[in-house]
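Student: Please take a close look with me at the part of this model where the ligand sits, and explain the terms as you go.

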Amino acid sequence: MKETSLEACRVAVLSGPSGSGKTTIVGRILSDLQLPIEMAVSATTRPPRDDEIHGKHYYFMSSDEFEESRQAGEFVECAEVHRSGYWYGTLKREVDRIQGAGSWVLLEIDVEGALNLMHIYPEAISLFLKTPSVDEYESRLRGRGTESEEVIQRRLRTAEEELKSADKYRYQIINDDLDRAVREICTILEAREGEFHAR
Ligand code: 5GP
């Protein structure tokens, strides 16, 4: 079997339908994990929201720029997400930079992208985040108040589809209680790091 460097193994990929609480969980993993970890900033063709900063939340690209990068093989994975017409992708240089610093790479990407990523990084820790019930997706999505009805309906349809892929992830995490879910994820990553050192 191909020898995989330790750095290449430190990849955690998190997916879950809109409303599953991904953004909050990600923030807490970054602050609570007892290991160096950094979020890979994705590229997207979606226009920035009011509070979003280029290079921090996303690398905002025009469709032409994105396509050029795609053709140049600069993405580890990319996908048109939620049938929105917008493309999102994980830049290889972003993953390399974080791994090169000896940190875990945290990716928060859609199911299609995550399944592709699992082929490229078979050792990745894949985590699928769920709410305790399907009804909760809808109420959390509406509670955010950031999306139009059309977008909400589209995201709910995507959520139904994405849930069907949950069992392709190594871990399914129920976000019933924020602290508990964060602790569960941190324990998984810390145990994995322990395994690396025991090798
Ligand atoms: P938003 O537009 O709300 O920031 O993100 C929409 C969706 O894009 C989220 O579900 C997120 O998981 C997904 N996403 C963000 N970055 C990437 C990426 O680099 N690759 C893929 N495949 N999906 C992404």
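Tutor: What follows goes from the surroundings of the ligand to its contacts, and then out to the whole chain. This is a predicted model, in which local features need pLDDT of at least 70 and side-chain atom pairs count only at pLDDT 80 or more, while totals for chains, interfaces and linings use all residues. Residues are numbered from 1 along each chain as its sequence is written, and side-chain values use heavy atoms, with hydrogens and water left out. The ligand is surrounded by 17 residues (each with a heavy atom within 4 Å of it), and the closest are Ser42, Arg46, Tyr58, Tyr88 and Asp110. Sorted by class, this shell holds seven charged residues (Asp, Glu, Lys or Arg), five nonpolar ones (with Tyr counted here) and five polar ones (with Gly counted here). Strand β6, at 87-91, gives the shell three residues, the largest share, and β5, at 75-80, supplies at least two; strands here are DSSP runs of E with at least two residues.

Several polar contacts, pairs of N or O atoms within 3.5 Å, can be followed by eye. The side chain of Tyr88 places an N or O atom 2.5 Å from an oxygen atom of the ligand, Lys22 does so at 3.1 Å from a ligand oxygen, and a polar side-chain atom of Glu77 lies 2.8 Å from a ligand nitrogen. Of the 520 Å² that the ligand exposes when taken alone, the protein buries 93% (Shrake-Rupley areas, 1.4 Å probe). Stepping back, the C-alpha trace of the protein chain spans about 50 × 40 × 30 Å along its principal axes.

Conventions
A polar contact is a pair of N or O atoms within 3.5 Å; within protein, one must be able to donate a hydrogen and the other to accept it, and residues adjacent in sequence count only if both atoms are side-chain atoms. Helices (H or I, at least four residues) and strands (E, at least two) are DSSP runs, numbered from the N terminus.
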